[in-house]
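Trainee: I've got a model open and I'd like to learn how to read its backbone and its sheet. Can we walk through it together?

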Amino acid sequence: METPQKKVLVPIAFGSEGIEVVTLVNVFSKGGALVTVASVEQDLQIECSSRVKLVADTFISECESQIFDLLVLPGGMPGSERLRDCKVLRKITEAHAKEGRLCGAVGEAPSVVLETWGLLKGCQLSSAVAVDSSIQVDGMVTTSQGPALTLDFALSIAERLFGKKMLDEVLLRSMVPRGWNKCEVAKEEYNVDDWSLQYIPQVLVPIANGSDEMEIVVVVDVLRRAKVNVLVASVEDSLEIVAARGTKILADQLIKDAILSNYDLIHLPGGWYGAQKLGSSEQLIALLREHAESKVYGAICASAVMLDTKGLLKGKKATTHPHYSSKLSDQSSVNVRVVIDGKVITSNGPGSAMEYAVSIVEKLLGMEKANHISETMGFSYP
């Protein structure tokens, strides 16, 4: 008998932590669950932290009669407060908890939402504002502290939701979190080059249908925290794209308008189909070829393979996702999570996106800034 598809609810609000939202969607969707992102606002379009724009699947009111196997709340402020003040969400969550179903909250959400509602009585708590431990599992409730721990938090819940086999054979291998492969190297740099700038860096992040949502949002969020100007540009015909795991993301501009400006760095998110779409954009590839002559560019996962096929990694060390490592011309550094060679930086997958992004901050703005940004997210760097 076939196992019924698991159903997961991720409520979001204005000011929700974007990194946490897309990480939750990515992990549970990859595990095979039907993930519903529901807005508690009067609009489906939600501006999350660091001005990342997402589009919810539905309104929370449409979820009231549904039963979910897991309900998980992202943090962020004022997002957590807006979740707390939503009467419909409270009703859904209280009924969900009463039925003994899995529940999770990350960042500010455990204390601001669940504790305020009285749903954590007798539970050990971990959150961004009430810290006992990085991840706490107490009965059916799992809580964690913030953006940098969201992947580990989601994977810990995924083991309970899907089982250890799914965790070991699919999720760890696809998400490549820190420590999943004991033989891998954290970071290597070759042909050291000075990227530092005396002005605010301008960064372009092209996206497409099928781009990996974590490799978009984590990088954009980290760079914007560092006060870098980041422009997200769609290579599709519309600003809205549907990412690899179904997250709807709104770009700032279309690529035809974005190419009219100058950039200090171009970042390409992975996702196999998204990388192919990026590679098929003549306007983007023309910009990359001109940019690569003297400026910094980078790619995560499958987009490193795309750059290689375009001749934009010639003579460069690079890494990519283990699933695609055999497709790189030079495979000597594929066991490294983040590789920097001159003005090129690559990384191996969603789980190393934060390491990649903070490495960019260090190269552009210095170690002090990189350490400060890491501390605000609860991230251990280097």
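**Reading the sheet and the backbone**

Mentor: Let's start with one pair: Lys-7 stands opposite Leu-34 in β2. Keep in mind that this is a predicted model, where local features need pLDDT of at least 70, side-chain atom pairs count only at pLDDT 80 or more, and totals for chains, interfaces and linings use all residues. Residues are numbered from 1 along each chain as its sequence is written, and side-chain values use heavy atoms, with hydrogens and water left out.

Trainee: How many bridges join β1 to β2, and do the strands run parallel or antiparallel?

Mentor: In general, strands of a sheet pair through backbone hydrogen bonds, either parallel or antiparallel. Here β1 (residues 7-12) and β2 (residues 34-39) run parallel, joined by 6 bridges. Two strands pair if DSSP finds at least two bridges between them. Helices (H or I, at least four residues) and strands (E, at least two) are DSSP runs, numbered from the N terminus.

Trainee: What is the strand order in the open sheet?

Mentor: The 7 strands go β5-β2-β1-β6-β7-β9-β8, with mixed pairing. β5 (58-59) and β8 (135-138) are at the edges with a single partner strand each, so each has one side without a neighbour in the sheet.

Trainee: Which helix packs on the sheet and touches β1, β6 and β7?

Mentor: That's α3 (residues 87-98), whose direction makes about 130 degrees with that of β6. Contact means heavy atoms within 4.5 Å. Axes are lines fitted to C-alpha atoms, for helices over the stretch in contact, and angles run from 0 to 180 degrees between N-to-C directions. Then there's α5 (residues 150-162), which lies across β1, β6, β7, β8 and β9 and runs at about 175 degrees to β7.

Trainee: Now the backbone: which peptide bond has omega of about 10 degrees?

Mentor: Most residues other than glycine have a negative phi, and most peptide bonds are trans. The bond joining Met-77 and Pro-78 is cis, with that omega of about 10 degrees, and Pro-78 sits in the loop between β6 (70-73) and α2 (79-84). Tyr-381 to Pro-382 is cis too, with omega near 0 degrees; Pro-382 is in the segment after α13 (367-377).

Trainee: And is Ser-50 buried or exposed?

Mentor: Ser-50 is buried, at 19% relative accessible area; buried means under 20%, exposed over 50%, partly exposed in between (1.4 Å probe, protein chains only). Ser-50 has a positive phi of about 55 degrees. Lys-227 has a positive phi as well, near 70 degrees, but Lys-227 counts as exposed at 61%.
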